[in-house]
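Student: Please take me through one part of this structure closely. I would like to see where one helix sits, what it packs against, and how its surroundings are built.

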Number of protein chains: 2
Amino acid sequence: MSKASDRAYSVIRDLILSGELAAGAPLREEALAEKCGVSRTPIREALNRLEAELLIQRTESQRSFVAEWSLDEVADAFELRAVIEGIAARRAAERMTPEILQKMRRCDTAISEAVARDTADVDAYLDANREFHALIVEAAASPRLAGILATLVEQPIVWRTAHHYGAEELRRSHREHGELLAAFARRDGLWAQDIMGAHIRRAFHAYADAHGGLSAIDTAPARRSS
Amino acid sequence: MSKASDRAYSVIRDLILSGELAAGAPLREEALAEKCGVSRTPIREALNRLEAELLIQRTESQRSFVAEWSLDEVADAFELRAVIEGIAARRAAERMTPEILQKMRRCDTAISEAVARDTADVDAYLDANREFHALIVEAAASPRLAGILATLVEQPIVWRTAHHYGAEELRRSHREHGELLAAFARRDGLWAQDIMGAHIRRAFHAYADAHGGLSAIDTAPARRSS
DNA sequence: GCGGCATGTATTGTATACAAAATGCACAGG
DNA sequence: CCTGTGCATTTTGTATACAATACATGCCGC
(Lines give C-alpha, C1' and ligand atoms only; values in the text may rest on other atoms or scores of the structure.)
Protein backbone atom coordinates (compact mmCIF):
# COMPACT_ATOMS: atom_id res chain seq x y z
CA MET A 1 0.00 0.00 0.00
CA SER A 2 0.87 3.61 0.01
CA LYS A 3 3.74 4.92 2.02
CA ALA A 4 2.14 7.11 4.65
CA SER A 5 -0.75 4.79 5.45
CA ASP A 6 1.68 1.88 5.63
CA ARG A 7 3.87 3.66 8.09
CA ALA A 8 0.84 4.67 10.12
CA TYR A 9 -0.33 1.07 10.12
CA SER A 10 3.04 -0.20 11.30
CA VAL A 11 3.41 2.44 13.98
CA ILE A 12 -0.04 1.92 15.45
CA ARG A 13 0.27 -1.82 15.22
CA ASP A 14 3.58 -1.81 17.03
CA LEU A 15 2.17 0.47 19.70
CA ILE A 16 -0.55 -2.10 20.29
CA LEU A 17 1.61 -5.21 20.07
CA SER A 18 4.25 -3.77 22.36
CA GLY A 19 1.60 -2.90 24.90
CA GLU A 20 2.48 0.78 24.82
CA LEU A 21 -1.19 1.25 24.05
CA ALA A 22 -2.90 -0.89 26.64
CA ALA A 23 -5.96 -2.99 25.88
CA GLY A 24 -9.06 -0.84 26.04
CA ALA A 25 -7.19 2.40 25.42
CA PRO A 26 -9.06 4.84 23.21
CA LEU A 27 -7.57 5.71 19.82
CA ARG A 28 -8.25 9.19 18.57
CA GLU A 29 -7.46 9.81 14.94
CA GLU A 30 -6.01 13.25 15.41
CA ALA A 31 -3.68 12.18 18.21
CA LEU A 32 -2.45 9.25 16.14
CA ALA A 33 -2.00 11.52 13.14
CA GLU A 34 0.24 13.77 15.17
CA LYS A 35 2.17 10.83 16.58
CA CYS A 36 2.74 9.36 13.13
CA GLY A 37 3.47 12.68 11.47
CA VAL A 38 0.76 12.24 8.86
CA SER A 39 -2.76 13.52 8.37
CA ARG A 40 -5.92 11.76 9.45
CA THR A 41 -6.57 10.28 6.02
CA PRO A 42 -3.87 7.57 6.13
CA ILE A 43 -4.61 7.05 9.82
CA ARG A 44 -8.17 6.15 8.95
CA GLU A 45 -6.99 3.59 6.41
CA ALA A 46 -4.66 2.10 8.98
CA LEU A 47 -7.44 1.90 11.57
CA ASN A 48 -9.70 0.15 9.09
CA ARG A 49 -7.06 -2.46 8.44
CA LEU A 50 -6.41 -2.93 12.14
CA GLU A 51 -10.12 -3.27 12.78
CA ALA A 52 -10.36 -5.97 10.13
CA GLU A 53 -7.57 -7.81 11.94
CA LEU A 54 -9.46 -7.40 15.22
CA LEU A 55 -6.58 -5.55 16.82
CA ILE A 56 -8.91 -2.64 17.45
CA GLN A 57 -12.61 -2.58 18.21
CA ARG A 58 -15.15 0.11 17.49
CA THR A 59 -18.23 1.26 19.30
CA GLU A 60 -21.44 1.62 17.35
CA SER A 61 -20.51 5.28 16.94
CA GLN A 62 -17.18 4.38 15.36
CA ARG A 63 -14.92 5.29 18.22
CA SER A 64 -11.84 3.09 18.26
CA PHE A 65 -10.26 1.25 21.17
CA VAL A 66 -7.44 -1.23 21.51
CA ALA A 67 -9.12 -4.63 21.48
CA GLU A 68 -9.36 -6.54 24.72
CA TRP A 69 -8.91 -10.28 24.53
CA SER A 70 -10.50 -12.73 26.86
CA LEU A 71 -8.92 -16.15 27.27
CA ASP A 72 -11.90 -17.54 25.39
CA GLU A 73 -11.21 -15.32 22.43
CA VAL A 74 -7.54 -16.23 22.42
CA ALA A 75 -8.53 -19.87 22.55
CA ASP A 76 -10.84 -19.29 19.60
CA ALA A 77 -8.10 -17.68 17.58
CA PHE A 78 -5.71 -20.51 18.34
CA GLU A 79 -8.29 -23.14 17.49
CA LEU A 80 -8.99 -21.52 14.14
CA ARG A 81 -5.32 -21.08 13.49
CA ALA A 82 -4.65 -24.73 14.30
CA VAL A 83 -7.22 -25.84 11.76
CA ILE A 84 -6.39 -23.36 9.04
CA GLU A 85 -2.64 -23.51 9.33
CA GLY A 86 -3.07 -27.29 9.37
CA ILE A 87 -4.77 -27.03 6.00
CA ALA A 88 -1.99 -24.76 4.82
CA ALA A 89 0.57 -27.36 5.90
CA ARG A 90 -1.28 -30.11 4.05
CA ARG A 91 -1.47 -28.06 0.88
CA ALA A 92 2.15 -27.03 1.28
CA ALA A 93 3.26 -30.64 1.59
CA GLU A 94 1.32 -31.60 -1.51
CA ARG A 95 2.77 -28.70 -3.50
CA MET A 96 6.23 -28.46 -1.99
CA THR A 97 9.01 -27.47 -4.36
CA PRO A 98 12.73 -28.11 -3.86
CA GLU A 99 13.37 -24.36 -3.80
CA ILE A 100 11.00 -23.64 -0.96
CA LEU A 101 12.09 -26.71 0.93
CA GLN A 102 15.66 -25.49 0.73
CA LYS A 103 14.66 -22.08 2.03
CA MET A 104 12.82 -23.74 4.89
CA ARG A 105 15.91 -25.74 5.75
CA ARG A 106 17.89 -22.52 5.92
CA CYS A 107 15.26 -21.09 8.27
CA ASP A 108 15.52 -24.20 10.36
CA THR A 109 19.26 -23.75 10.60
CA ALA A 110 18.79 -20.15 11.68
CA ILE A 111 16.31 -21.22 14.33
CA SER A 112 18.69 -23.93 15.45
CA GLU A 113 21.43 -21.38 15.96
CA ALA A 114 19.17 -18.95 17.77
CA VAL A 115 18.06 -21.67 20.14
CA ALA A 116 21.43 -23.30 20.68
CA ARG A 117 23.07 -20.45 22.55
CA ASP A 118 22.92 -20.48 26.30
CA THR A 119 20.88 -17.31 26.34
CA ALA A 120 18.59 -18.01 23.44
CA ASP A 121 18.24 -15.15 20.96
CA VAL A 122 14.48 -14.78 21.09
CA ASP A 123 14.27 -12.02 18.49
CA ALA A 124 16.29 -14.04 16.00
CA TYR A 125 14.11 -17.06 16.79
CA LEU A 126 10.92 -15.11 16.21
CA ASP A 127 12.17 -13.71 12.92
CA ALA A 128 13.22 -17.08 11.57
CA ASN A 129 10.04 -18.67 12.92
CA ARG A 130 7.89 -16.10 11.15
CA GLU A 131 9.79 -16.71 7.94
CA PHE A 132 9.35 -20.46 8.35
CA HIS A 133 5.59 -20.17 8.64
CA ALA A 134 5.49 -17.64 5.81
CA LEU A 135 7.22 -20.15 3.54
CA ILE A 136 4.58 -22.73 4.37
CA VAL A 137 1.88 -20.27 3.39
CA GLU A 138 3.77 -19.51 0.20
CA ALA A 139 4.02 -23.18 -0.67
CA ALA A 140 0.31 -23.63 0.04
CA ALA A 141 -0.27 -21.25 -2.89
CA SER A 142 -3.66 -19.90 -1.85
CA PRO A 143 -4.04 -16.15 -1.54
CA ARG A 144 -7.22 -16.71 0.42
CA LEU A 145 -5.51 -18.90 2.97
CA ALA A 146 -2.71 -16.36 3.22
CA GLY A 147 -5.13 -13.55 3.88
CA ILE A 148 -7.01 -15.45 6.54
CA LEU A 149 -3.89 -16.60 8.33
CA ALA A 150 -2.46 -13.10 8.32
CA THR A 151 -5.28 -12.01 10.60
CA LEU A 152 -4.68 -14.95 12.92
CA VAL A 153 -0.94 -15.21 13.39
CA GLU A 154 -0.13 -11.90 15.05
CA GLN A 155 -2.02 -11.80 18.26
CA PRO A 156 -0.87 -9.09 20.59
CA ILE A 157 -0.83 -11.08 23.77
CA VAL A 158 0.93 -13.98 22.15
CA TRP A 159 3.47 -11.69 20.64
CA ARG A 160 4.35 -10.33 24.04
CA THR A 161 4.33 -13.80 25.54
CA ALA A 162 6.78 -15.14 23.02
CA HIS A 163 9.46 -12.94 24.49
CA HIS A 164 9.14 -14.85 27.72
CA TYR A 165 9.56 -18.24 26.13
CA GLY A 166 12.01 -20.42 27.95
CA ALA A 167 14.81 -22.24 26.16
CA GLU A 168 12.80 -25.43 26.65
CA GLU A 169 9.78 -24.22 24.66
CA LEU A 170 12.01 -22.87 21.95
CA ARG A 171 13.80 -26.16 21.53
CA ARG A 172 10.55 -28.11 21.45
CA SER A 173 9.23 -25.77 18.80
CA HIS A 174 12.41 -26.35 16.84
CA ARG A 175 11.95 -30.10 17.07
CA GLU A 176 8.40 -29.83 15.71
CA HIS A 177 9.70 -27.81 12.81
CA GLY A 178 12.11 -30.62 12.07
CA GLU A 179 9.19 -33.03 11.88
CA LEU A 180 7.35 -30.68 9.57
CA LEU A 181 10.36 -30.64 7.27
CA ALA A 182 10.33 -34.41 7.17
CA ALA A 183 6.65 -34.43 6.26
CA PHE A 184 7.24 -31.84 3.56
CA ALA A 185 10.17 -33.78 2.13
CA ARG A 186 7.94 -36.87 1.94
CA ARG A 187 5.04 -34.77 0.58
CA ASP A 188 2.83 -36.34 3.22
CA GLY A 189 0.05 -33.81 3.55
CA LEU A 190 -1.89 -35.44 6.34
CA TRP A 191 1.23 -35.90 8.42
CA ALA A 192 2.12 -32.25 7.98
CA GLN A 193 -1.43 -31.26 8.86
CA ASP A 194 -1.42 -33.18 12.11
CA ILE A 195 1.99 -31.94 13.17
CA MET A 196 0.98 -28.37 12.49
CA GLY A 197 -2.26 -28.74 14.41
CA ALA A 198 -0.38 -30.16 17.38
CA HIS A 199 2.26 -27.47 17.08
CA ILE A 200 -0.28 -24.67 17.33
CA ARG A 201 -2.30 -26.32 20.05
CA ARG A 202 0.80 -26.84 22.15
CA ALA A 203 1.60 -23.16 21.72
CA PHE A 204 -1.86 -22.30 22.98
CA HIS A 205 -1.50 -24.36 26.10
CA ALA A 206 1.93 -22.86 26.76
CA TYR A 207 0.21 -19.50 26.56
CA ALA A 208 -2.72 -20.53 28.73
CA ASP A 209 -0.42 -21.99 31.37
CA ALA A 210 1.52 -18.76 31.54
CA HIS A 211 -1.63 -16.66 31.83
CA GLY A 212 -3.72 -17.56 34.83
CA GLY A 213 -6.78 -19.18 33.35
CA LEU A 214 -5.72 -22.79 33.61
CA SER A 215 -8.19 -25.04 31.91
CA ALA A 216 -6.07 -28.16 32.20
CA ILE A 217 -6.91 -30.98 34.54
CA ASP A 218 -3.45 -31.07 35.98
CA THR A 219 -0.41 -28.91 35.54
CA ALA A 220 2.06 -30.97 37.57
CA PRO A 221 3.83 -34.08 36.22
CA ALA A 222 1.80 -37.25 36.67
CA ARG A 223 2.51 -39.12 39.91
CA ARG A 224 1.31 -42.26 41.59
CA SER A 225 -2.17 -41.88 42.97
CA SER A 226 -1.66 -43.53 46.39
CA MET B 1 -19.81 1.84 9.03
CA SER B 2 -20.57 5.29 7.87
CA LYS B 3 -23.43 5.96 5.54
CA ALA B 4 -21.77 7.10 2.34
CA SER B 5 -18.95 4.58 2.38
CA ASP B 6 -21.46 1.84 3.16
CA ARG B 7 -23.62 2.78 0.24
CA ALA B 8 -20.59 2.97 -2.00
CA TYR B 9 -19.52 -0.47 -0.82
CA SER B 10 -22.93 -1.96 -1.53
CA VAL B 11 -23.24 -0.32 -4.92
CA ILE B 12 -19.82 -1.39 -6.15
CA ARG B 13 -20.24 -4.84 -4.70
CA ASP B 14 -23.56 -5.31 -6.43
CA LEU B 15 -22.08 -4.08 -9.69
CA ILE B 16 -19.44 -6.78 -9.40
CA LEU B 17 -21.72 -9.57 -8.17
CA SER B 18 -24.32 -8.88 -10.82
CA GLY B 19 -21.65 -8.97 -13.50
CA GLU B 20 -22.41 -5.45 -14.65
CA LEU B 21 -18.73 -4.88 -14.04
CA ALA B 22 -17.09 -7.81 -15.76
CA ALA B 23 -14.12 -9.65 -14.36
CA GLY B 24 -10.94 -7.77 -15.20
CA ALA B 25 -12.70 -4.46 -15.70
CA PRO B 26 -10.75 -1.47 -14.38
CA LEU B 27 -12.21 0.49 -11.48
CA ARG B 28 -11.42 4.19 -11.43
CA GLU B 29 -12.17 5.97 -8.22
CA GLU B 30 -13.52 9.11 -9.78
CA ALA B 31 -15.89 7.26 -12.09
CA LEU B 32 -17.21 5.20 -9.17
CA ALA B 33 -17.56 8.34 -7.08
CA GLU B 34 -19.75 9.88 -9.74
CA LYS B 35 -21.77 6.69 -10.13
CA CYS B 36 -22.37 6.45 -6.39
CA GLY B 37 -23.00 10.14 -5.91
CA VAL B 38 -20.29 10.51 -3.28
CA SER B 39 -16.74 11.78 -3.23
CA ARG B 40 -13.61 9.67 -3.65
CA THR B 41 -13.00 9.36 0.07
CA PRO B 42 -15.78 6.86 0.85
CA ILE B 43 -15.07 5.15 -2.47
CA ARG B 44 -11.54 4.47 -1.34
CA GLU B 45 -12.78 2.91 1.89
CA ALA B 46 -15.16 0.73 -0.06
CA LEU B 47 -12.41 -0.38 -2.42
CA ASN B 48 -10.19 -1.30 0.50
CA ARG B 49 -12.91 -3.48 1.95
CA LEU B 50 -13.59 -5.11 -1.39
CA GLU B 51 -9.90 -5.75 -1.87
CA ALA B 52 -9.72 -7.44 1.52
CA GLU B 53 -12.57 -9.68 0.40
CA LEU B 54 -10.70 -10.45 -2.82
CA LEU B 55 -13.52 -9.11 -4.96
CA ILE B 56 -11.10 -6.66 -6.48
CA GLN B 57 -7.40 -6.97 -7.20
CA ARG B 58 -4.79 -4.25 -7.37
CA THR B 59 -1.69 -3.84 -9.46
CA GLU B 60 1.54 -2.93 -7.74
CA SER B 61 0.72 0.68 -8.50
CA GLN B 62 -2.64 0.43 -6.74
CA ARG B 63 -4.85 0.41 -9.75
CA SER B 64 -8.01 -1.61 -9.11
CA PHE B 65 -9.65 -4.24 -11.26
CA VAL B 66 -12.54 -6.61 -10.78
CA ALA B 67 -10.99 -9.86 -9.64
CA GLU B 68 -10.84 -12.76 -12.06
CA TRP B 69 -11.47 -16.19 -10.64
CA SER B 70 -10.02 -19.36 -12.02
CA LEU B 71 -11.78 -22.65 -11.29
CA ASP B 72 -8.85 -23.49 -9.02
CA GLU B 73 -9.39 -20.37 -6.97
CA VAL B 74 -13.10 -21.05 -6.71
CA ALA B 75 -12.31 -24.58 -5.59
CA ASP B 76 -9.95 -23.17 -2.98
CA ALA B 77 -12.56 -20.84 -1.65
CA PHE B 78 -15.12 -23.63 -1.44
CA GLU B 79 -12.68 -25.97 0.27
CA LEU B 80 -11.86 -23.37 2.88
CA ARG B 81 -15.50 -22.53 3.31
CA ALA B 82 -16.39 -26.20 3.76
CA VAL B 83 -13.84 -26.54 6.55
CA ILE B 84 -14.51 -23.24 8.28
CA GLU B 85 -18.28 -23.28 8.02
CA GLY B 86 -18.06 -26.87 9.26
CA ILE B 87 -16.32 -25.60 12.35
CA ALA B 88 -18.95 -22.91 12.68
CA ALA B 89 -21.67 -25.56 12.51
CA ARG B 90 -19.96 -27.65 15.19
CA ARG B 91 -19.63 -24.68 17.49
CA ALA B 92 -23.19 -23.62 16.73
CA ALA B 93 -24.51 -27.06 17.62
CA GLU B 94 -22.60 -27.03 20.90
CA ARG B 95 -23.86 -23.56 21.80
CA MET B 96 -27.32 -23.64 20.24
CA THR B 97 -30.01 -21.73 22.12
CA PRO B 98 -33.77 -22.29 21.82
CA GLU B 99 -34.19 -18.74 20.52
CA ILE B 100 -31.80 -19.15 17.62
CA LEU B 101 -33.09 -22.62 16.86
CA GLN B 102 -36.58 -21.19 16.60
CA LYS B 103 -35.39 -18.48 14.26
CA MET B 104 -33.70 -21.10 12.12
CA ARG B 105 -36.90 -23.08 11.94
CA ARG B 106 -38.69 -20.00 10.70
CA CYS B 107 -36.01 -19.60 8.03
CA ASP B 108 -36.46 -23.20 7.09
CA THR B 109 -40.17 -22.64 6.69
CA ALA B 110 -39.51 -19.65 4.47
CA ILE B 111 -37.12 -21.69 2.35
CA SER B 112 -39.66 -24.45 2.18
CA GLU B 113 -42.28 -22.08 0.82
CA ALA B 114 -39.89 -20.53 -1.68
CA VAL B 115 -38.97 -23.95 -2.99
CA ALA B 116 -42.44 -25.46 -2.98
CA ARG B 117 -43.93 -23.30 -5.71
CA ASP B 118 -43.83 -24.58 -9.22
CA THR B 119 -41.62 -21.75 -10.32
CA ALA B 120 -39.33 -21.59 -7.33
CA ASP B 121 -38.78 -18.09 -5.96
CA VAL B 122 -35.00 -18.01 -6.16
CA ASP B 123 -34.60 -14.57 -4.61
CA ALA B 124 -36.70 -15.51 -1.62
CA TYR B 125 -34.72 -18.74 -1.34
CA LEU B 126 -31.41 -16.89 -1.41
CA ASP B 127 -32.52 -14.40 1.22
CA ALA B 128 -33.75 -17.06 3.60
CA ASN B 129 -30.70 -19.19 2.89
CA ARG B 130 -28.39 -16.30 3.73
CA GLU B 131 -30.28 -15.70 6.94
CA PHE B 132 -30.06 -19.39 7.81
CA HIS B 133 -26.29 -19.42 7.46
CA ALA B 134 -26.02 -16.11 9.30
CA LEU B 135 -27.87 -17.61 12.24
CA ILE B 136 -25.39 -20.47 12.37
CA VAL B 137 -22.54 -18.00 12.50
CA GLU B 138 -24.35 -16.09 15.23
CA ALA B 139 -24.81 -19.25 17.27
CA ALA B 140 -21.14 -20.12 16.81
CA ALA B 141 -20.38 -16.96 18.78
CA SER B 142 -16.94 -16.24 17.39
CA PRO B 143 -16.35 -12.83 15.84
CA ARG B 144 -13.22 -14.17 14.23
CA LEU B 145 -15.08 -17.00 12.52
CA ALA B 146 -17.73 -14.54 11.42
CA GLY B 147 -15.16 -12.25 9.88
CA ILE B 148 -13.42 -15.02 8.02
CA LEU B 149 -16.62 -16.52 6.68
CA ALA B 150 -17.85 -13.14 5.52
CA THR B 151 -15.00 -13.04 3.02
CA LEU B 152 -15.79 -16.55 1.81
CA VAL B 153 -19.54 -16.73 1.42
CA GLU B 154 -20.22 -14.18 -1.28
CA GLN B 155 -18.37 -15.25 -4.33
CA PRO B 156 -19.40 -13.42 -7.44
CA ILE B 157 -19.59 -16.34 -9.78
CA VAL B 158 -21.45 -18.46 -7.29
CA TRP B 159 -23.85 -15.66 -6.63
CA ARG B 160 -24.70 -15.47 -10.30
CA THR B 161 -24.88 -19.24 -10.57
CA ALA B 162 -27.40 -19.51 -7.78
CA HIS B 163 -29.94 -17.76 -9.92
CA HIS B 164 -29.76 -20.66 -12.35
CA TYR B 165 -30.38 -23.28 -9.71
CA GLY B 166 -32.98 -25.77 -10.70
CA ALA B 167 -35.84 -26.71 -8.43
CA GLU B 168 -34.06 -29.99 -7.82
CA GLU B 169 -30.93 -28.37 -6.32
CA LEU B 170 -33.03 -26.04 -4.24
CA ARG B 171 -34.99 -28.91 -2.76
CA ARG B 172 -31.86 -30.89 -2.00
CA SER B 173 -30.37 -27.88 -0.28
CA HIS B 174 -33.56 -27.58 1.74
CA ARG B 175 -33.31 -31.22 2.78
CA GLU B 176 -29.75 -30.71 4.01
CA HIS B 177 -30.89 -27.75 6.05
CA GLY B 178 -33.45 -30.03 7.66
CA GLU B 179 -30.68 -32.39 8.68
CA LEU B 180 -28.68 -29.52 10.09
CA LEU B 181 -31.65 -28.52 12.21
CA ALA B 182 -31.85 -32.05 13.56
CA ALA B 183 -28.16 -31.97 14.46
CA PHE B 184 -28.57 -28.60 16.14
CA ALA B 185 -31.59 -29.77 18.09
CA ARG B 186 -29.55 -32.73 19.33
CA ARG B 187 -26.52 -30.49 19.95
CA ASP B 188 -24.44 -32.99 18.01
CA GLY B 189 -21.51 -30.86 16.89
CA LEU B 190 -19.70 -33.44 14.81
CA TRP B 191 -22.87 -34.39 12.97
CA ALA B 192 -23.53 -30.76 12.18
CA GLN B 193 -19.94 -30.32 11.05
CA ASP B 194 -20.10 -33.24 8.63
CA ILE B 195 -23.45 -32.22 7.17
CA MET B 196 -22.21 -28.69 6.64
CA GLY B 197 -19.02 -29.87 4.98
CA ALA B 198 -21.00 -32.09 2.64
CA HIS B 199 -23.49 -29.29 2.01
CA ILE B 200 -20.78 -26.90 0.86
CA ARG B 201 -18.88 -29.49 -1.15
CA ARG B 202 -22.03 -30.48 -2.97
CA ALA B 203 -22.63 -26.83 -3.79
CA PHE B 204 -19.13 -26.64 -5.23
CA HIS B 205 -19.64 -29.61 -7.50
CA ALA B 206 -22.96 -28.21 -8.66
CA TYR B 207 -21.06 -25.08 -9.58
CA ALA B 208 -18.22 -26.94 -11.24
CA ASP B 209 -20.64 -29.06 -13.28
CA ALA B 210 -22.36 -25.97 -14.53
CA HIS B 211 -19.10 -24.26 -15.47
CA GLY B 212 -17.08 -26.21 -17.98
CA GLY B 213 -14.05 -27.38 -16.06
CA LEU B 214 -15.31 -30.80 -15.12
CA SER B 215 -12.93 -32.46 -12.71
CA ALA B 216 -15.22 -35.39 -11.96
CA ILE B 217 -14.49 -38.88 -13.18
CA ASP B 218 -17.94 -39.27 -14.65
CA THR B 219 -20.85 -36.95 -15.03
CA ALA B 220 -23.35 -39.47 -16.38
CA PRO B 221 -25.18 -42.01 -14.21
CA ALA B 222 -23.18 -45.19 -13.65
CA ARG B 223 -23.73 -47.89 -16.24
CA ARG B 224 -22.47 -51.35 -16.92
CA SER B 225 -18.95 -51.44 -18.27
CA SER B 226 -19.44 -53.88 -21.14
C1' DG C 1 -30.52 15.63 45.54
C1' DC C 2 -31.72 13.50 41.18
C1' DG C 3 -33.24 12.90 36.48
C1' DG C 4 -33.78 14.71 32.02
C1' DC C 5 -32.75 18.03 28.64
C1' DA C 6 -30.02 21.44 26.24
C1' DT C 7 -25.89 23.41 24.83
C1' DG C 8 -20.86 23.31 24.00
C1' DT C 9 -17.04 20.50 22.90
C1' DA C 10 -14.75 16.68 21.02
C1' DT C 11 -14.53 13.24 17.39
C1' DT C 12 -15.60 11.13 13.34
C1' DG C 13 -17.40 11.36 8.21
C1' DT C 14 -17.16 13.53 3.73
C1' DA C 15 -15.71 16.68 0.23
C1' DT C 16 -12.32 19.12 -2.15
C1' DA C 17 -7.77 20.70 -3.40
C1' DC C 18 -3.31 19.66 -4.26
C1' DA C 19 0.89 16.57 -4.67
C1' DA C 20 3.03 12.46 -6.30
C1' DA C 21 3.22 8.75 -9.19
C1' DA C 22 2.25 6.09 -13.18
C1' DT C 23 0.64 5.15 -17.75
C1' DG C 24 0.29 6.08 -22.63
C1' DC C 25 1.80 8.54 -26.48
C1' DA C 26 4.78 10.85 -29.43
C1' DC C 27 8.95 11.54 -31.22
C1' DA C 28 13.84 11.01 -31.95
C1' DG C 29 17.58 7.90 -32.60
C1' DG C 30 19.40 3.65 -34.01
C1' DC D 1 10.79 -0.95 -37.99
C1' DC D 2 11.96 -1.15 -33.34
C1' DT D 3 13.41 0.99 -29.01
C1' DG D 4 14.08 4.14 -25.59
C1' DT D 5 13.29 8.63 -23.62
C1' DG D 6 10.58 12.58 -22.31
C1' DC D 7 6.31 14.90 -21.88
C1' DA D 8 1.26 15.15 -21.30
C1' DT D 9 -2.50 13.12 -19.16
C1' DT D 10 -4.65 10.24 -16.12
C1' DT D 11 -4.99 8.19 -11.62
C1' DT D 12 -3.99 7.56 -7.05
C1' DG D 13 -2.19 9.40 -2.27
C1' DT D 14 -2.35 12.91 1.25
C1' DA D 15 -3.66 17.08 3.49
C1' DT D 16 -7.00 20.21 4.93
C1' DA D 17 -11.49 22.28 5.52
C1' DC D 18 -16.02 21.68 6.66
C1' DA D 19 -20.28 19.01 8.05
C1' DA D 20 -22.54 15.80 10.95
C1' DT D 21 -22.78 13.32 14.91
C1' DA D 22 -21.86 11.81 19.54
C1' DC D 23 -20.41 12.72 24.21
C1' DA D 24 -20.07 15.35 28.46
C1' DT D 25 -21.04 19.01 31.23
C1' DG D 26 -24.04 21.86 33.55
C1' DC D 27 -28.52 23.76 34.19
C1' DC D 28 -33.37 23.61 35.16
C1' DG D 29 -37.45 21.49 36.91
C1' DC D 30 -39.10 18.40 40.14
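Tutor: What follows starts from one helix of chain A and works outward to the sheet, the domains and the contact between the chains.

This is a predicted model, in which local features need pLDDT of at least 70 and side-chain atom pairs count only at pLDDT 80 or more, while totals for chains, interfaces and linings use all residues. Residues are numbered from 1 along each chain as its sequence is written, and chains are lettered from A and ligands numbered from 1 in the order in which they are written.

The helix is H3(A), residues 40-52. Helices here are DSSP runs of H or I with at least four residues, strands are runs of E with at least two, and both are numbered from the N terminus. H3(A) has 13 residues and spans 18 Å from its first C-alpha to its last, close to the 18 Å expected at 1.5 Å a residue. That expected span is 1.5 Å times one less than the number of residues in the helix. Just after the helix, A:Leu54 has a positive phi of about 65°.

The buried residues of H3(A) are A:Pro42, A:Ile43, A:Arg44, A:Glu45, A:Ala46, A:Leu47, A:Asn48, A:Arg49 and A:Leu50. A residue is buried if 20 or more other C-beta atoms lie within 10 Å of its own, exposed if 12 or fewer, and partly exposed in between, with C-beta atoms placed from the backbone. Within chain A, the buried residues of H3(A) pack against helix H1 (3-17), strand E1 (26-27), helix H2 (29-36), strand E2 (56-58) and strand E3 (64-66). They also pack against helix H3 (40-52) of chain B.

The strands in that list make up a sheet. In chain A, three strands form an open sheet in the order E1-E3-E2, with antiparallel pairing. E1 and E2 of chain A stand at the edges with a single partner strand each, so one side of each has no neighbour in the sheet. Strands of a sheet pair through backbone hydrogen bonds, either parallel or antiparallel. Two strands count as paired if DSSP finds at least two bridges between them; E2(A) and E3(A) are joined by three and run antiparallel. Across this pair, A:Gln57 stands opposite A:Phe65 in E3(A).

Chain B has an open antiparallel sheet of three strands in the order E1-E3-E2. Its edge strands are E1 (26-27) and E2 (56-58), each of which pairs on one side only. Three bridges join E2(B) to E3(B), residues 64-66, and B:Ile56 has B:Val66 as its bridge partner in E3(B). The loop between E2 and E3 of chain B holds B:Gln62, a residue other than glycine with a positive phi near 75°. B:Gln62 is exposed, because 10 other C-beta atoms lie within 10 Å.

Next come the domains. Chain A is divided into domain 1 (3-66) and domain 2 (71-210), with bounds from an automatic or database domain assignment. The centres of the two domains, taken over C-alpha atoms, are 27 Å apart. Their contact takes seven residues from domain 1 and four residues from domain 2, where two residues are in contact if their C-beta atoms, placed from the backbone, lie within 7 Å. On the domain 1 side, the residues divide into five nonpolar, one polar and one charged. In these classes Ala, Val, Leu, Ile, Met, Phe, Trp, Tyr, Cys and Pro are nonpolar, Asp, Glu, Lys and Arg are charged, and the others, Gly among them, are polar.

Last is the contact between the chains. It takes 16 residues from chain A and 16 residues from chain B. On chain A, H3 (40-52), H4 (71-95) and H7 (143-153) each supply at least two residues of the side that touches chain B. H4(A) gives the largest share, five residues. By class, this side of chain A has nine nonpolar, four polar and three charged residues. Chain A superposes on chain B by a rotation of 180° with 0.1 Å of shift along its axis, at an RMSD of 0.2 Å. The two copies are therefore related as by a two-fold rotation axis. The superposition is by least squares on the C-alpha atoms of residues with pLDDT of at least 70 in both copies. Of the interface residues of chain A, 100% are also interface residues in chain B, so the copies meet through the same surface.
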